[in-house]
Structures are given as C-alpha cells and as structure tokens.
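Subject: Structure handover

Hi there,

Here is the structure I promised to pass on to you. Have a look at it first, and my notes on what I found follow below.

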Amino acid sequence: MQFYRVVVVKIAVVFIASICAGLAAGCANTPVEKTDGEEKSASSVTIEFWTPFSGGDSSYMNELVQRYNKENKDGIKVVMKNNKSDDYYIKLSTAIVTEEGPDVAVVHASKFAQYVPAGFLTPIDVTDAGAHIPWEQYNPDIVERTVIGERHYAIPLDTHFTVLYYNKKWLAAAGLLQDGKVMMEPGEDGFMQFLTALRDRIPPDVAPLAVPDVRIDSLWLWWSLYSQMDGGGGLYSADGHKARVNMAAVAQSLNFVASLYESQLIPPDISDAGSRFISGKAAVLWSGTWSIGSFEKLDDLDFGVMPLPQIYDRPGTWGDAHTLAFPSHSDTDPAKVEAAVRFAEWLADQGQVWAQAGHIPAERNALNSAAFKALPYRSDYAGAEEDVRFFPSHSKQGEINDALVSELEKIWHGKQTADDMLKRLEPLIDSILGE
C-alpha cells in the first residue's frame, strides 16, 4: 500500500506542477538570466546537491564542491545543501514527492531497495554521460547494490563501516599494547578478557568499551557479530516475505553483547560515546570510520584504530556505502541530469580527498593512489572493506532496524531480557513485513 500511496501523491503533485509550469512558461524560456548580478549563459547549468554530512566530514565535501565550481570549465555550477543526518531521508523523500528534490543526492546503498521501487530515483546508464561510466573501476559490492532491474541508479562514492578506536595510554597502562600492537586473544573469551583487563587496571571512571545504550550503535555491534557466524546474517526468507533468522547464531551473539553490558564492560547510560573517548574517559570506542577525520585533528588524543576482531567463524563488521544518486522529477531536464552525472563521476574520482574524512574510496584508482596510501591510520583498517556486512537489501529494512534498536534498548535498560527479545524477534519482523 505504501508504494501506491506514493504514486497517488506524485500524480497529484505532477498535476499541480503542470499548472504552475504553464503560468511560468514565459520565464522558463528566457535565454539569459541574472545570477548574483551577473549574466549567465543559457548553456550553463546549476545543479543542487544534497548531503547528510553535518558533522566533521562536511568540511571535506564543502572543499570538494568549492574546488569543482572553481576548476570546472563546462558551465556547471553546484549548489550544495548539508542536512542533519537524523532527518535527512524524511526531508529527501518529501522533497522528491513534492517535486522539490535536488538534482543529485547522497543516498546510502541500503536505501535503494526502498527508493527505486517507489520511483524516487532516475537510472543513469540511459543518459549519454551515464552510458560511458567505467563501472569496473568501482567497488563491485556497492555497484551490485545500486543496480536494480539491470539499470544503474548511482555512482558509488565510498564504503564506511564500524571499527574499534583505542586510547594508547590506557591500553599501555593495562599491559595490552606492546610495540604498538594490541594484545588480544581470539574468540569471545579473548575479547572478554581484554576488556576485563582494562576494567581492572585503569581508573574506574574510564569505560573499557564505550557504546551508546541508545541509537543504532549497539545494533551495529550485534549485527557485526551475528554476521561473523556461519549461517548468520540473515533476517528473511528467500522471497523476503517472512522472517527467517538463524536462532542459534542470533542467541549466541545477542547474549554475548548483553553480557558486555551486564558486566559493565560497556558501562550504562552512555549517550555520546565519541565525546567520552575524546575526553579520555573511554579506553576503547565502537564507532564508524567517519570519526577518524575529526580525531586525528586533536593533538592531545593519542589513539589507534583497528577492525573489529574476528570473534566467530569469519571476519565481519557492519557497514554501508555512500553513493551519488539522482532523484526523479516529472519534468526531467536532460541537461541537468547530464550535468549531475558528470559532477558525481568527478566527485567519486576525488576519493583520496574524501578519504580524509575516514571513508574508503569506492573508485579503485583513488583507493590505490599514493595520496590515499599516504594518509595516516587508513592502512590499519582499509583491508576490512572486504569484510563489510551490509544489512539485507529489503524495502522494510529501515523499519526493522528501528524496531530492533527499540528492542535492544529495552535489554540495556533492564526492561526485558535477551531471551525475551529472542522470543519476539521473528513475530516482530513478520508484523512489520505484513504492514
């Protein structure tokens, strides 16, 4: 029903837009217009670019857009709008439905299963610019998630995923850092012993492991561990219509994460884990690669970074990808689509600059460039790109995630046990799938 509601709304918007277009027809065909007091040629194109980068990574994207506008000689001007990540997709979806969407937008790979069936995005390989994109030069895992019905809907920008940051001072004090190497035995016991040693050997007001007990971070942690298990990482039946999880793997991974909270190796009531790490009140932080661009600017923060250790059968950590997608418009302007695709391809080619924010470039030349390899810390976790475990590609995955976050918060706050959640898991997923 959601798809049909979207279609009905879009039809209504198109009807209204057509009336407005008729009233404005005289202006639409003006060969020359004024912009900031200067004449602009009819051949020039201004495109709007939306991002959810309101944190430290926004400065790097601002730098790239400014550079493009300065260096580009093709008459294309990019106007960027940074949005808060918390409500970015609500704003973007609303803008697309009301015909106010941008020409190019950052869209996570996890959103394509929802956005493409809703008609929110324009395929680009049917355009002149899109037809010549060398797809083999991009991360194939991201390309695969942005191809639906054999059509390409986005240009991959990066991979980002969760890692462990550690305070070298506290690990050294606990005897867990030798010659720059983190000393940790494998498996559940090894990880538990590592955190227990931190708790026993550093000040009591320093968290052994900082993970928020609100928001999605703890879901990323559980998902990473579940995905490391043979037979793990699934939520649905093959057709996507029913819940289908590996209950044994879910139970083991969920109970392990719950034990970290229960033993206060992850202390309670952490809402801003990043700030706690920056202030020296966390020995280890569970966060994303996007934090490193800010951390390395802090002279008094002596830290290291490492992938999530392999605790079960294979390496794995939650991750996603930023892509550059093209919102649909009922009155699509081919010139704007062409300009947007050309800008997006240029942006992806600058991956070694964008990598300063911490992300791993999706474009292979940028990934292999000397500039990227010269960046500090990146080599410590870049290889984990091969072990990223995406959430399943499903139109209801966002709703499922919200429900799972709520269920996990109930455990961390003592309102239910892990066993309670396990009993509710598949019925909860089925209830959402049936909506």
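Val-79 is partly exposed, because its relative accessibility of 38% lies between the 20% and 50% cut-offs. Please keep in mind that this is a predicted model. Val-79 belongs to strand β4, which covers residues 76–82. Not counting residues up to four places away in sequence, Val-79 touches Thr-46, Ile-47, Glu-48 and Phe-49. If you want a long distance to check in your viewer, try Val-79 and Trp-286: the C-alpha atoms are 34 Å apart in space, and the two residues are 207 apart in sequence.

Next, a pair of residues in strand β8. This strand runs over residues 154–167 and contains His-160, and Thr-159 is found in β8 as well. Are they buried or exposed? His-160 has a relative accessibility of 2% and therefore counts as buried. Thr-159, at 2% relative accessibility, also counts as buried.

The side chain of His-160 makes a polar contact of 2.9 Å with the side chain of Asp-158. Beyond its neighbours within four places in sequence, His-160 is in contact with several histidines, namely His-108, His-322 and His-359. The other contacts of His-160 outside that window are Thr-289, Trp-290, Trp-318, Gly-319, Asp-320 and Ala-321. For Thr-159, with the same kind of neighbours left aside, the contacts include Asp-320, Ala-321 and His-359. Thr-159 also contacts Asn-139, Ile-142, Ile-360, Glu-385 and Val-388.

Pro-309 is a loop residue, placed between β13 (303–307) and β14 (317–325). Its relative accessible area is 15%, which is under 20%, so Pro-309 is buried. Leaving out residues up to four places away in sequence, Pro-309 touches Leu-164, Met-184, Phe-191 and Gln-228. Phe-191 is 118 residues from Pro-309 along the chain, with 8.2 Å between their C-alpha atoms.

Now to the helices. Two packed helices are described by the angle between their axes and the distance between the axes. For helix α18 (residues 397–412) and helix α19 (residues 418–433), the axes come within 11 Å and cross at roughly 160 degrees. α18 and α19 are therefore roughly antiparallel to each other. The crossing of α18 past α19 is right-handed. On the α18 side, the contact is made by Glu-399, Ile-400, Ala-403, Leu-404, Glu-407, Leu-408, Lys-410 and Ile-411. On the α19 side, Ala-418, Met-421, Arg-424, Leu-425, Leu-428, Ile-429 and Ile-432 take part. By class, this contact of α18 with α19 has 11 nonpolar, no polar and 4 charged residues.

Helix α10 (residues 247–262) also packs against α19: their axes come within 10 Å and cross at roughly 150 degrees. That makes α10 roughly antiparallel to α19. Here, too, the crossing is right-handed, with α10 passing α19. α10 contributes Met-247, Val-250, Ala-251, Leu-254, Asn-255 and Ala-258 to the contact, and α19 contributes Ala-418, Met-421, Leu-422 and Leu-425. What are the classes of the residues in the contact of α10 with α19? They divide into 9 nonpolar, 1 polar and no charged.

Best wishes, and happy browsing!

Terms used:
Residues are numbered from 1 along each chain as its sequence is written. This is a predicted model: local features need pLDDT of at least 70, side-chain atom pairs count only at pLDDT 80 or more; totals for chains, interfaces and linings use all residues. Side-chain values use heavy atoms; hydrogens and water are left out. Axes are lines fitted to C-alpha atoms, for helices over the stretch in contact, and angles run from 0 to 180 degrees between N-to-C directions. Helices (H or I, at least four residues) and strands (E, at least two) are DSSP runs, numbered from the N terminus. Angles under 35 degrees count as roughly parallel, over 145 as roughly antiparallel, 65 to 115 as roughly perpendicular and the rest as oblique. A crossing is left-handed if the near helix is turned anticlockwise from the far one by less than a right angle, and right-handed if clockwise. Contact means heavy atoms within 4.5 Å. Ala, Val, Leu, Ile, Met, Phe, Trp, Tyr, Cys and Pro count as nonpolar, Asp, Glu, Lys and Arg as charged, and the others, Gly among them, as polar. Buried means under 20% relative accessible area, exposed over 50%, partly exposed in between (1.4 Å probe, protein chains only). A polar contact is a pair of N or O atoms within 3.5 Å; within protein, one must be able to donate a hydrogen and the other to accept it, and residues adjacent in sequence count only if both atoms are side-chain atoms.
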